[in-house]
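Trainee: Could you choose one part of this chain and go through it closely with me? I'd like to see how the pieces fit together rather than read a list.

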Amino acid sequence: MERLIGFAPSINENCTTIILGSMPSVKSLEQQQYYAHPQNRFWKLMAIFFNEGIIPTIYQERLELLRKNHIALWDSIDSCIREGSLDSAICDEVPNDFKALFAKYPKIKTICFNGGKSFQCFKKYNKDILKDETYTFYTLPSTSPANAKFRLPMLQEVWQQALARHINNKQIL
C-alpha cells in the first residue's frame, strides 16, 4: 500500500477556530478537496450555519465561506497508510505540525475535532498543547457517512454549540 498524503491547511491570519479531521477520505484525495464525499454532512452543516443552507458548488467558495467566518480546516494526520476510507484502517500515521501552525497563526484558540480519530491522533502527538489553557477543545461527532447514528439534526445541535461564537457573530463580521 502506498502512503497517503493529506492537504495543506485552509487558513488565513484572521482564523480563530480550526476544525480538524483525521485524514481525507479516498474520494477527498481523488478530488483534492476536504469532505468531498457526497454523503459527508460537513459542508451541509457549514452551509446551515453560515450560508442560509446553500452549499456553494465551487470548492474555493466553500473554503472561503469558512475563512470569512474565521474558521480554518486541516487534519490531525499529515500522512498515513490506509486501505479504504475508514479511520479504523489508519496505520503508520505521521502527525501534522501544530506547534508551527499555531506559532504562525496565533489567533487560533479553539480546536474542534471532527470525530474521535482526529482527537486521538492529535492527543497522541500534542499532549503539551492539550494542557495549554489558552485553547478550548471540542471533540465532535464525525460528519462522515460512516457515523450513521448521528443524523443531521443531531450533528447540527452538537456542532452549533462548538461554533456558536462564529454563528452568532456572522452578521457583524
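Mentor: Happy to: after a quick look at the whole chain, we will go through strand S2 and its surroundings, then move on to the core and to helix H3.

One caution before we start: this is a predicted model, in which local features need pLDDT of at least 70 and side-chain atom pairs count only at pLDDT 80 or more, while totals for chains, interfaces and linings use all residues. Numbering starts from 1 along each chain as its sequence is written, and side-chain values use heavy atoms, with hydrogens and water left out.

The chain has eight helices and seven strands; these are DSSP runs (H or I of at least four residues for helices, E of at least two for strands), numbered from the N terminus. Its radius of gyration, taken over C-alpha atoms, is 15 Å, close to the 16 Å of the globule rule for 173 residues, so the chain is as compact as a globular protein of that length; the rule is 2.2 Å times the number of residues to the power 0.38. Buried residues make up 47% of the 173, where buried means under 20% relative accessible area, exposed over 50%, and partly exposed in between (1.4 Å probe, protein chains only). Of the contacts (heavy atoms within 4.5 Å) with a separation of 6 or more, 69% join residues 24 or more positions apart.

Now zoom in on Thr17, which sits in strand S2 (residues 17-21). Thr17 counts as buried because its relative accessible area is 1%. What surrounds Thr17, leaving out residues up to four places away in sequence? The list is His70, Ile71, Ala72, Ile108, Thr110, Cys112, Leu163, Arg165 and His166. With Arg165 there is also a side-chain to side-chain polar contact at 3.5 Å; such a contact is a pair of N or O atoms within 3.5 Å, where within protein one must be able to donate a hydrogen and the other to accept it, and residues adjacent in sequence count only if both atoms are side-chain atoms.

Two of those neighbours, Thr110 and Cys112, take us to strand S6 (residues 110-114). S2 and S6 pair in the parallel sense over four bridges, pairing being defined as at least two DSSP bridges between two strands. Ile19 has Cys112 as its bridge partner in S6. Five of the five residues of S6 are buried: Thr110, Cys112 and Asn114 point one way, and Ile111 and Phe113 the other. S6 also pairs in the parallel sense with strand S7 (residues 136-140), this time over five bridges, and Ile111 stands opposite Phe137 in S7.

Ile111 also leads to Phe102, whose contacts beyond four places in sequence are Ile18, Ile108, Ile111, Phe122, Ile129 and Tyr135. Phe102 belongs to the largest nonpolar core, a set of 47 residues in which Trp43, Met46, Phe102 and Trp159 have the most contacts. Helix H2 (residues 42-50) gives this core its largest share, six residues. By definition, a nonpolar core joins buried Ala, Val, Leu, Ile, Met, Phe, Trp, Tyr and Cys residues through side-chain atoms within 4.5 Å. In soluble globular proteins, nonpolar side chains tend to be buried together.

H2 brings us to helix H3, whose buried residues pack against H2 and strand S3 (71-75). They are Tyr59, Arg62, Leu63, Leu65, Leu66 and Arg67. An α-helix has 3.6 residues a turn, so residues three or four places apart point the same way. Just after H3 comes His70, with a positive phi of about 65°; this is one of the residues that Thr17 touches.

At the other end, Tyr59 lies in H3 (residues 59-68) and is buried at 13% relative accessibility. Beyond four places in sequence, Tyr59 touches Gln32, Gln33, Tyr34 and Trp43. A polar atom of its side chain lies 2.9 Å from the backbone nitrogen of Tyr34, and the two C-alpha atoms, 25 residues apart along the chain, are separated by 8.8 Å. Gln32 lies in the loop between helix H1 (26-31) and H2, and has a positive phi near 55°. Tyr35 is in that loop too and also has a phi near 55°; its relative accessible area of 12% makes it buried.
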